[in-house]
Amino acid sequence: MKNILVISNKAPFDKMHIRESLDTCLIFAAIEQNISWLFKDDAVLALKAGYNLSNSGLKDFFKTLKTLEIYDVEQVYVCAESLKKYAMTSDNLSIDVTPLSSEKQQSLISNQDHTVVLS
């Protein structure tokens, strides 16, 4: 089993980068890899509670974020500095995540076999 980190850093509606990251996490989880997901920069907005896409014409993948544990994606992290930038706290988030400082993010990255950043 490999340790794989998926890093999301784009806004949730920026060409559906978050959806692609979600799909990547689920694919790796399906082949029984140890998956971690780090949200940083504008991607933290995908974690904000209360999105309603019913009138947007977009598929509501935000609901799938709440089911990550079912797919064995239990290590979900968020950049603490990015949360501060958007004045967000854990109370504003739709799922439980672990905030990480820049130093802890570097440690997380260095402990991975593979890191995936979709652009």
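**Figure 1. The whole chain, element by element.** Helices (at least four residues) and strands (at least two) are DSSP runs, numbered from the N terminus. With that in hand, walk along this predicted model from its N terminus and you meet the elements in the order β-α-β-α-β-α-β-α-β. That makes 4 helices and 5 strands. The protein has 119 residues, and 38% of them count as buried. About 6900 Å² of the protein is exposed, with carbon and sulfur atoms supplying 47% of that area. Now look at contacts between residues at least 6 apart in sequence: 75% of them join residues at least 24 apart.

**Figure 2. The sheet.** Here are the 5 strands, which form an open sheet in the order β4-β3-β2-β1-β5, with parallel pairing. At the edges sit β4 (98-100) and β5 (114-117), each of which pairs on one side only. From one strand to the next, the twist averages 25°.

**Figure 3. A close look at strand β2.** This strand covers residues 34-39, and 4 bridges join it to β3 (residues 75-79), the two running parallel. Along this pairing, you can find L38 opposite Y77 in β3. The pairing of β2 with β1 is parallel too, and it has 6 bridges. There, S8 stands opposite F39 in β2. As for cover, β2 is mostly tucked away, with 5 of its 6 residues buried.

**Figure 4. Two helices against the sheet.** Start with α1, which lies across β1 (3-8), β2 and β5. Its direction makes an angle of about 165° with that of β2. Then turn to α4 (residues 102-110), a helix that lies across β1, β2, β3, β4 and β5. Relative to β4, helix α4 runs at about 105°.

**Figure 5. Zooming in on H17.** This residue belongs to helix α1, which spans residues 17-30. H17 has a relative accessible area of 9%, and buried means under 20%, so H17 counts as buried. What does H17 touch, leaving aside its neighbours within four places in sequence? Its contacts are K10, L118 and S119.

**Figure 6. A11 and its partners.** You'll find A11 in the loop between β1 and α1. A11 has 23% relative accessibility, and the partly exposed class lies between the 20% and 50% cut-offs, which is why A11 counts as partly exposed. Its neighbours within four places in sequence aside, A11 is in contact with I18, D42 and A43. Take A43 from that list: it is 32 residues away from A11 along the chain, yet their C-alpha atoms are separated by 4.7 Å.

**Figure 7. Two cysteines, C25 and C79.** How accessible are these two? C25 has a relative accessible area of 0%, so C25 is buried. C79 has 6% relative accessibility, so C79 counts as buried as well. A word on chemistry: a disulfide is a covalent bond between the sulfur atoms of two cysteines. How many disulfides does the structure hold? The count is 0.

Methods. Residues numbered from 1 in each chain as written. Predicted model: local features only at pLDDT ≥ 70, side-chain atom pairs only at ≥ 80, totals over all residues. Heavy atoms only, no water. Buried < 20%, exposed > 50% of the residue type's maximum accessible area, 1.4 Å probe, protein only. Contact = heavy atoms within 4.5 Å. Disulfide = S-S within 2.5 Å. Areas by Shrake-Rupley, 256 points an atom, 1.4 Å probe, with all protein chains shown as cover. Pairing = 2+ DSSP bridges. Axes fitted to C-alpha atoms, helices over the stretch in contact; angles between N-to-C directions.
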